[in-house]
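Q: I would like a close look at a single part of this model, taken slowly and with its surroundings in view. Please keep to what can be read from the coordinates.

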Amino acid sequence: MRVELLPLGLAALLGLSACSAIQTSGQDQPTISIELDAADPAKSEGTLQTKPTPVSFQVGYGRYGIACADTSFREGETPLGTFKVNAILTPDRFEMDPALIEQSGKSKAYLKENLFKNMSAIDFKGDGETGEYGKGYISLEPLTDTEQPFKFNEYDGKFRWYSFAIHGTNNKSRVGQKVTGGCINVDDATMSTLLESVKLGDEVVISSDGPCNE
């Protein structure tokens, strides 16, 4: 399998270097493996480890390319590395690491009722379209101690969660392209499949066989 996955502009491209192998935390096999193709984004794909047959799917990634492992998240770049799922958000599903709920300063009931709805109502591209996360949002936390800018905040008057994630899309033609704010995007059919299997704490490995931004 190739080595290649997600919720956003402030980074410029920096120097390139070869991407080293990604080490897992010791789990026999990550729940999701994603291989980003730096030369041809349309060939970027993920694999969901389901029994008896793994499921493969196409992914899109950051408009500014691929960031090397263990680097802090930069807008428009998709980082390589090993991550764990720390939140799962859909219109009717809310799961979040208790430490994040405490960090938000909101109640679990408030977040369950409002967080994904607020995030989906924001027009990030400024084209009049909303619902840009599609059916769901699977937030990812790096397993390293790399400092990350992820936080809850107010955006366009709405309380939301800013993080690195795998998410759906309201325009499946964006999948397989370098167009996101750094997250991994998938079509909504894929997102539905992922949501059937993914749990809090599951491991996600993102890798690439091409150059990455230092």
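Which backbone nitrogen does the side chain of Gln-148 reach, and at what distance?

A: In this predicted model, the side chain of Gln-148 reaches the backbone nitrogen of Phe-73, at a distance of 2.8 Å. As for its place in the chain, Gln-148 lies in a loop, the one that runs between strand S10 (137-142) and strand S11 (151-155), within a chain whose secondary structure comes to three helices and 17 strands. Gln-148 counts as partly exposed because its relative accessibility is 21%, where the limit for a buried residue is under 20%; in the chain as a whole, buried residues make up 52% of the 214 residues.

The surroundings of Gln-148 can be described further through its contacts. Leaving aside residues up to four places away in sequence, Gln-148 touches Thr-71, Ser-72, Phe-73 and Pro-142, so that Phe-73, whose backbone nitrogen is reached by the glutamine side chain, also appears among the contacts of Gln-148. Ser-163 offers another point of reference, with its C-alpha atom 8.8 Å from that of Gln-148, although the two residues are 15 places apart along the chain.

Phe-73 in turn leads to a group of rings, since together with Phe-83, Phe-150, Tyr-162 and Phe-164 it forms one aromatic cluster. Across the whole structure, a search finds nine aromatic pairs.

Key. Residues are numbered from 1 along each chain as its sequence is written. This is a predicted model: local features need pLDDT of at least 70, side-chain atom pairs count only at pLDDT 80 or more; totals for chains, interfaces and linings use all residues. Side-chain values use heavy atoms; hydrogens and water are left out. Rings of Phe, Tyr and Trp (its six-membered ring) pair if their centres lie within 6.5 Å; planes under 30 degrees apart count as stacked, over 60 as edge-to-face and the rest as tilted. Helices (H or I, at least four residues) and strands (E, at least two) are DSSP runs, numbered from the N terminus. Buried means under 20% relative accessible area, exposed over 50%, partly exposed in between (1.4 Å probe, protein chains only). Contact means heavy atoms within 4.5 Å. A polar contact is a pair of N or O atoms within 3.5 Å; within protein, one must be able to donate a hydrogen and the other to accept it, and residues adjacent in sequence count only if both atoms are side-chain atoms.
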